[in-house]
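These are my notebook entries on a model I went through by lookup. I took the helix first, then the cysteines, then the rings.

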Amino acid sequence: MKRCLLAVIFLLVSLAAAPAAETPSELKPFVRGSWQEVLRSHAGRPTLVHFWGVTCGPCKVELPLLGQFMKDHSEVDVVMISADLVPNLPGAARAMLEKAGLGSAENWLFSDGFVERLRFEIDPAWQGEIPRTLLIARDGAVTTIEGSAEIPDLEKWLAQQKAVMR
Amino acid sequence: MLRMSLLATLAFSLCQTMANAQMSHHQHASEAACEEVDLRCASKVTPAFASDGTLWLAWMAGGRISVASSKDQGRSFSTPVQASKEKLNLDWGPDARPQIVIEKNGGIALAFSIFRDKAFNGQVLTTRSSDGGQSFAELRPITASNDSQRFATLGLDADGSAFAAWIDKRNRVPAQQEGRKYEGAGLFFASSKDGGTTYAEARLASDNTCECCRLGFAFAGPGRPVVVFRNIFEGGVRDHAVMTFADPATPGEVRRVSNDEWQISACPHHGPSLSISAASTYHVTWYTNGKARKGLFYARSDDQGRTFSDPLPLGRADRNPTRPYVLSGPHGATMVWKEFDGERTSVNAMTSHDEGKSWSKPVAIATTTDTSDHPLLVSDGQKIYLSWMTKADGYRLLPIGDGS
């Protein structure tokens, strides 16, 4: 508490003087209702939602590829949701995201001990296997990719999205 | 001065809010009801009955493995004893749980896994109590290998020796160095002739199995361990297989339980369950999301796993059935699994009195409104009980009716 007090006083004093430092990538807590928030805030835009976890082997391979995909395609909203069972570790999740070039994506972290309910809100048939990718089209149509996604498949989906636009 | 004290007040109230927020967030986000080592704080609880009818539990709570016993079927417990002096970074994977076997002479053998590094590489540790659970020996790794090991299962053979099987990644790096593609991990095993104090050198039973699912384990008879596991068949198909050992040192053939055609490069975190009846029927339950079928299934084998019956679907597909478990007892076989209706989790049970050829209608036998451990079954040699840890309602041990 004492350390916190000192830190906050320091922060308040320095706030006026110092320019805003670059903040580390934010991890939003994914709780009950967050899924609807994700859907609402990206409605009408092609969106890639990726569920992953720090203990998932195939995710370690796939994450950098998705980082590159995001870099190459600014027209797609990329939403990353760390969906290991709790305790989901923010430090480990952030480190993996940044290493994969996904620090600037919209990043969420499962933060509700009742993961069955979180998953049920997203897809009642999903039992938690990761990685898992949902491609959400402009019209809200969802394509689910179980397991590691192949980048050419993502490119193909994106091309279809662009074709619809024309 | 006034400014300074205003600043201090603001800082104090900010810190208060942050501390409260952190606390409530932590409680909410945890899968455990509390952070101490008590049973009520456990996220995973594993039961075992001793031959004298005493119920023993091993559980994960507060970063420790604790053990306690009950002589009144779970109504009251002995003072818990921790298996380690220090707090551990226990493997919290959905299918990880401590393993406990109780020997006829009262000795207790434990096995469980920890995360040994920041990359979540696991290590299987073992220990033994020779004084009826009053104290445990120093923890020992089950193998000298430093590669990741997880999902140990432990069984007690008829001659009193302990048999352990686990998922082990030691073959991964050598394969990659030779330029070979390596999927999954190896199924390894080892026996202990001294009640779980030391284990023989670990050996490979089968390579390229799924790396993130619990194993199903039972004995087909004295010296005949049987393991059911999520295998990786050709083309990355993660369907289930069974292996019957010729003896505790001799692995058998890999035989397919069913052709679900689940080709997936992912961690299902959802392993199978196996029980073998006195009449030698293999009962297997599992989860798949394959092309051929999706959901929970049951199948039986009369010929030691050479062939299996057509898979029988379990549970309501619209209620996300999960975590099936099967146990055969003297009065028949029982299966349980979880279902979720959007608010409530229920454990559903059904029973069979004809070696699994027909089953009773499923009945919900317990419910909870927050997160819960997998439902497990345990037998005292007479009845079969549901053993279920829940965050909201604590630990439960419920005798299951025969469904007739």
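Entry 1, helix H3 of chain A.
I listed the buried residues of H3(A): Pro58(A), Cys59(A), Glu62(A), Leu63(A), Leu66(A), Gly67(A), Phe69(A) and Met70(A). Buried here means under 20% relative accessible area, exposed means over 50%, and partly exposed lies in between, with a 1.4 Å probe and protein chains only. Helices (H or I, at least four residues) and strands (E, at least two) are DSSP runs, numbered from the N terminus. I keep in mind that an α-helix has 3.6 residues a turn, so residues three or four places apart point the same way.

I then looked for a bend, which is the angle at a residue between axes fitted to the seven residues ending there and the seven starting there. H3 of chain A, residues 57-72, has a kink of about 30° at Leu63(A), shortly before the proline Pro64(A). Leu63(A) is also among the buried residues of this helix.

Entry 2, provenance.
The model is predicted, so I note that local features need pLDDT of at least 70 and side-chain atom pairs pLDDT 80 or more, whereas totals for chains, interfaces and linings use all residues. Residues are numbered from 1 along each chain as written, chains are lettered from A and ligands numbered from 1 in written order, and side-chain values use heavy atoms, without hydrogens and water.

Entry 3, cysteines.
I searched the whole structure for disulfides (cysteine sulfur pairs within 2.5 Å), and the search gave two over all chains. In chain A, Cys56(A) is joined to Cys59(A), with the sulfur atoms 2.2 Å apart. This link is right-handed, with 85° about the S-S bond. Cys56(A) is buried at a relative accessible area of 0%, and Cys59(A) is buried with a value of 0%.

In chain B, Cys34(B) and Cys41(B) form a disulfide with an S to S distance of 2.0 Å. The torsion about their S-S bond is about -100°, so I recorded the disulfide as left-handed. Both cysteines of this link are buried.

Why is Cys210(B) not bonded to Cys212(B)? The sulfur of Cys212(B) is the closest cysteine sulfur to that of Cys210(B), but at 3.8 Å it is too far for a bond. Cys210(B) is buried at 2% relative accessibility, and Cys212(B) is buried at 2%.

Entry 4, aromatic rings.
I counted 19 aromatic pairs over all chains. Rings of Phe, Tyr and Trp (its six-membered ring) pair if their centres lie within 6.5 Å; planes under 30 degrees apart are stacked, over 60 edge-to-face, and the rest tilted. Phe51(A) and Trp126(A) make a tilted pair, 4.8 Å centre to centre and 50° between the planes. Phe51(A) is in strand S2 (47-52) and Trp126(A) in the loop between helix H5 (115-122) and strand S5 (132-136), 75 residues apart. Phe51(A) is buried at 0% relative accessibility.

Phe163(B) and Phe245(B) pair edge-to-face, at 5.2 Å centre to centre and 75° between the planes. Phe163(B) lies in strand S10 (162-168) and Phe245(B) in the loop between strands S15 (240-244) and S16 (255-256), so the pair ties together parts 82 residues apart in sequence. Ring pairs link these two with Phe189(B), Phe217(B) and Phe219(B) into a cluster.

Entry 5, charges over rings.
The test was NZ of Lys or CZ of Arg within 6 Å of the ring centre and within 35 degrees of the ring normal. Arg256(B) lies over the face of Phe233(B), 4.0 Å from the ring centre. Arg293(B) lies over the face of Phe297(B), at 5.9 Å.
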